[in-house]
Amino acid sequence: QVQLVESGGGLVQPGGSLKLSCAASGTIFRINDMGWYRQAPGKQRELVAGITRSGITNYADSVKGRFTISRDNAKNTLYLQMNSLKPEDTAVYYCNAVVMPTFYSSDADYWGKGTLVTVSS
């Protein structure tokens, strides 16, 4: 089994910054693509940013230039640095990882339980 645990959410004022982390643990041979998604109240879950194992990134237009995704493959950890936060960034942020549990396994999709980010004055 693979577990993803997010941390770093909280309440921040508009214009402020937060850094989210997602630690993966369990039976892991290799983690391939990873990503951050978010879901605001009454809205569908959306991709915020993604990163391949080699470090190629992609971002939603709404966060380009403000958010930075990164990962530490040695620590099986994913990060999201969020700067210049806006009230519309308020959402539950979820970590996603495509994991190969063993050398003989196929990839499987895993999700964390989410961490709440609230941007408000």
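This is a dialogue about reading salt bridges and one strand residue in a predicted model.

Visitor: What should I know about the model before I begin?

Guide: The model is predicted, so local features need pLDDT of at least 70 and side-chain atom pairs count only at pLDDT 80 or more, while totals for chains, interfaces and linings use all residues. Residues are numbered from 1 along each chain as its sequence is written, and side-chain values use heavy atoms, with hydrogens and water left out.

Visitor: How many salt bridges does the structure hold?

Guide: Side chains of opposite charge can pair when their charged atoms come close. A salt bridge is a side-chain nitrogen of Lys or Arg within 4 Å of a carboxyl oxygen of Asp or Glu, and the structure holds four. One of them joins Asp61 and Lys64 at 3.1 Å, N to O.

Visitor: Which residues are linked with Asp89 in a network of salt bridges?

Guide: The network links Arg38, Glu46, Arg66 and Asp89. Asp89 pairs with Arg38, the closest N and O atoms being 3.0 Å apart. Because Asp89 lies in the loop between β8 and β9 and Arg38 in strand β4, this pair ties together parts that are 51 residues apart in sequence; strands are DSSP runs (E, at least two residues), numbered from the N terminus. Asp89 also meets Arg66 at 2.8 Å, N to O.

Visitor: Is Thr77 buried or exposed?

Guide: Buried means under 20% relative accessible area and exposed over 50%, with partly exposed in between (1.4 Å probe, protein chains only). Thr77, in strand β8, counts as buried at 10%, whereas Asp61 is exposed at 64%.

Notes. Helix = DSSP H or I, 4+ residues; strand = E, 2+ residues; numbered from the N terminus.
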